Amino acid sequence: MHKVLIIDDDESLCYGLKRSLGKYYEIFTAMDLEGAYALIKAEKFGIIFLDYRLGDENGLDVLRSIRALTTDIPIVMLTAHGSTELILDAIRMGAVDFLTKPAETKQLIEIIEKYSSSLGHCFDTENFEILSEVPYNADAVIAVSNEMKDVLKNIAIISATDTPVLITGESGTGKDVASNLIHRYSRRKDNPFININCAAIPENLLESELFGYVKGAFTGAYASNPGKFQMADKGTIFLDEIGDMPLSLQGKLLQVLQDGRIQRVGDNKFNKVDIRIISATNRNLRELVANGSFREDLFYRINAFSIEIPPLRKRVKDVWPSALHFVKAFSDTMGKDICCVEKSARELLEKCQWSGNIRELKNIMAKSVAIANSGAVTKDVVASAIGLESASEQEPCRNLSGYFMTKYNENILVRAVEEVEETLIKSVLDECGNNNSVAAKTLGISRVTLYEKLKKYGLSE
Ligand SMILES: Nc1ncnc2c1ncn2[C@@H]1O[C@H](COP(=O)(O)OP(=O)(O)O)[C@@H](O)[C@H]1O
Ligand SMILES: [Mg+2]
């Protein structure tokens, strides 16, 4: 039950509130500052109501001194004559809200429910995971499952060396996190860590970005640029999405890896660099090697040691600890006082497929914290955060159903399917230059079926 402290020198008011609110909360009252201090030191309150005029004391001074004692307990000012300035001063000084006396019971309950923090022990440990009891460190990499522990062990071993590492795993599994850790725990930690997303830099700029250029090497090269490899000298270079590196550059990269020298665009001399290479990809490099889009020799070079981060759905043990970690983190950064997470949310989270892995879980927990309107992230809150996510993914479909429902009055399904079918067939035919057999294959239907449908929609000449 929430513990509520009312500090007011009006005895009948204190008595009245005790009677009206006592059914719902554990009410404590203090009629002067000393009494209030003693109670605040002895009890953990979920919320404090403070009268603006307490005897001869100036309300703002009282607020300030109580605030100093209880930085994390919400304080609501009770004021008989609510001048705007006074309210603004109080809010500026840390009061979360104000109420004009006489306040109705309903209003008080609303305020208590809105602001009460965990300190009132309103959430029982049987049904709620209390965050203050969960070890927390903002930079922690969560690794509770054996799979993730193995990843950490590998990082510990390999970070002590200069061996090139290839990190693989689906998007959102933590490849960036892993590469950062390797650098942070290596002897290069005080030197640069340069991150290059091979998929994000346009092919024609990648070479000059990586290897640098000399002034006048090409139109627009007004000044020389050292390039990322030179900038990473004595540090680590992280080649993210390496599977997307164009073939033309793969050879150059291989050369750097082999002899540790780089040549800037437009330069005829080579510079020596001392770099450690970490690469990452969510693609299957062996397949890319097999189909000729990734050089085999480069593959072996960057893959001296490989670390595979399993998808979240294969290491369910990490789901709940990660969820709690993110709630704590977002509660801090969003300035919300979330103290606990309902334990029944666990099953819900562990059942998810997490195709977006930890990144997706992190997003869901951010949404949960944002929409939680009490000190707890409840199962319902998590469920609606998951719903919000999937609703936004389903948006095109929803729009589509709205479209068909307004367009057709009857036989909606049949007509919608026909319309989609006709449009798809047209687009695919366009795409493949009206080659019927390619179109049939792309659509996944036989040529006979395609001809029938072309006839049906009047598309065959
Ligand atoms: N084990 C982990 N513990 C805590 N946070 C993690 C962990 N793995 C990933 N994250 C977080 O999840 C998000 C996605 O991780 P990231 O390394 O960018 O994935 P990837 O590079 O594989 O797509 C990041 O915000 C990251 O901080
Ligand atoms: Mg990444």
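Which hand does the crossing of α6 and α7 have? That was my opening query today. Note to self: I'm working from a predicted model.

**Entry 1: α6 and α7**

I checked, and α6 crosses α7 in a right-handed way. Helix α6 covers residues 146-159, and I get an angle of about 35 degrees between α6 and α7, with 8 Å between the axes. On the α6 side I listed V151, I155, I158 and S159, and these meet A178, L181 and I182 of α7. Sorting that contact by class gave me six nonpolar residues, one polar and no charged ones.

**Entry 2: domains**

Next I pulled up the domain assignment. It splits the protein into domain 1 (3-121), domain 2 (146-308), domain 3 (313-386) and domain 4 (411-456). I also looked up how far domain 3 sits from domain 4: their C-alpha centres are 43 Å apart.

**Entry 3: ligand 1**

What surrounds ligand 1? I found 15 residues around the ligand, and the closest are I142, G174, K175, D176 and I358. Two elements, α7 (175-184) and α15, each give two or more residues to this shell. By class I noted five nonpolar, six polar and four charged residues in the shell.

Where does ligand 1 lie with respect to domain 2 and domain 3? Both domains give residues to the shell, so I wrote down that ligand 1 lies between them.

**Entry 4: α13 and α15**

Since α15 came up at the ligand, I followed that helix to a packing partner. Helix α13 (residues 319-333) packs on α15 (residues 357-371) at about 45 degrees, and their axes are 9 Å apart. The angle is therefore one I log as oblique. The crossing of α13 past α15 is right-handed.

I then went through the residues in this contact. From α13 they are V319, S322, A323, F326, V327, F330 and S331. From α15 they are I358, L361, K362, M365, A366, S368 and V369. I358 caught my eye, as I already had this residue among the closest to ligand 1. The class tally for α13 with α15 reads 10 nonpolar, three polar and one charged.

**Entry 5: α18 and α19**

Last pair of the day. How do α18 and α19 pack? Helix α18 runs over residues 412-431 and helix α19 over residues 436-443; I have them at about 130 degrees, with axes 9 Å apart. That angle makes α18 oblique to α19. I noted a right-handed crossing here.

The contact uses I425, V428 and L429 of α18, set against A439, T442 and L443 of α19. I counted five nonpolar residues and one polar in it, with no charged ones.

Terms used
Residues are numbered from 1 along each chain as its sequence is written. Chains are lettered from A and ligands numbered from 1 in the order in which they are written. This is a predicted model: local features need pLDDT of at least 70, side-chain atom pairs count only at pLDDT 80 or more; totals for chains, interfaces and linings use all residues. Axes are lines fitted to C-alpha atoms, for helices over the stretch in contact, and angles run from 0 to 180 degrees between N-to-C directions. Helices (H or I, at least four residues) and strands (E, at least two) are DSSP runs, numbered from the N terminus. Angles under 35 degrees count as roughly parallel, over 145 as roughly antiparallel, 65 to 115 as roughly perpendicular and the rest as oblique. A crossing is left-handed if the near helix is turned anticlockwise from the far one by less than a right angle, and right-handed if clockwise. Two residues are in contact if their C-beta atoms, placed from the backbone, lie within 7 Å. Ala, Val, Leu, Ile, Met, Phe, Trp, Tyr, Cys and Pro count as nonpolar, Asp, Glu, Lys and Arg as charged, and the others, Gly among them, as polar. A residue is near a molecule or strand if its C-beta atom, placed from the backbone, lies within 6 Å of it. Domain bounds come from an automatic or database domain assignment.
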